[in-house]
Amino acid sequence: MSLLVTLEGKPSLVVPKLKQVKRISTLSKPFPDTVYVPFTDEEHLQLLQEWFSSLIANWQLWIPFQFLNFYFVPQKLQVLAANFVALAWNVILSYKAHKKVIAE
């Protein structure tokens, strides 16, 4: 697994930044300054602990909400309703992302 990082600027300015980052590979054609950085052990552990529960929570929230949204909410208010729920969902995801990781 890796994290996508984009470094902008001239190659002479990017190379010193790359020396600070543990690099796996560089994409040269579509995104010339993009580097894949591996997850740290803590990030990998957090992903393993939180991903599936977040996915299930996502399905439990969005599938019923969108059904009710399209069925009951007037068309011109559907985007507004979805934005309010998206705001709440982003707060939940932010909370999950910043919880302390429990080492097993």
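**View 1. The largest pocket holds about 240 Å³ of space.** This view comes from a predicted model, so keep that in mind as you explore. Which residues line the pocket? Look for Gln46, Leu47, Glu50, Trp51, Ser54, Leu55, Asn58, Trp89, Leu93, Lys96 and Ala97. Rolling a probe the size of a water molecule over the atoms shows where empty space is left.

**View 2. Helices H2 and H3 both help to line the largest pocket.** Helix H3 spans residues 78-97, and H2 and H3 each give at least two residues to the lining. Which helix gives the largest share? That is H2, with seven residues.

**View 3. A nonpolar patch sits on the surface.** Here you can find Phe67, Leu68, Tyr71 and Phe72, which together have about 520 Å² of accessible area. Leu68 belongs to helix H2, which covers residues 41-72. Is Leu68 buried or exposed? The relative accessible area of Leu68 is 43%, so Leu68 counts as partly exposed, a class that lies between under 20% for buried and over 50% for exposed.

**View 4. Stepping back, the chain contains three helices and three strands.** Starting at the N terminus, you meet these elements in the order β-α-β-β-α-α. The chain has 104 residues, and 17% of them count as buried. About 8600 Å² of the chain is exposed, with carbon and sulfur atoms supplying 66% of that area. Among contacts with a separation of 6 or more, 60% join residues 24 or more positions apart.

Note on methods: Residues are numbered from 1 along each chain as its sequence is written. This is a predicted model: local features need pLDDT of at least 70, side-chain atom pairs count only at pLDDT 80 or more; totals for chains, interfaces and linings use all residues. Side-chain values use heavy atoms; hydrogens and water are left out. Helices (H or I, at least four residues) and strands (E, at least two) are DSSP runs, numbered from the N terminus. Buried means under 20% relative accessible area, exposed over 50%, partly exposed in between (1.4 Å probe, protein chains only). Contact means heavy atoms within 4.5 Å. Accessible areas come from the Shrake-Rupley method with a 1.4 Å probe; for residues, only the protein chains shown count as cover. Patches are made of residues with over 30% relative accessible area and no salt bridge: like charges are joined within 9 Å, nonpolar side chains (Val, Leu, Ile, Met, Phe, Trp, Tyr) within 5 Å. A salt bridge is a side-chain nitrogen of Lys or Arg within 4 Å of a carboxyl oxygen of Asp or Glu. On a 1 Å grid over the protein atoms alone, a cavity is a set of points where a 1.4 Å probe fits but cannot get out, and a pocket is an open set with protein on both sides within 12 Å along at least five of seven lines; lining residues have an atom within 4 Å of a point. Grid points are joined across faces, edges and corners, and a volume is the space filled by probe spheres set on the points.
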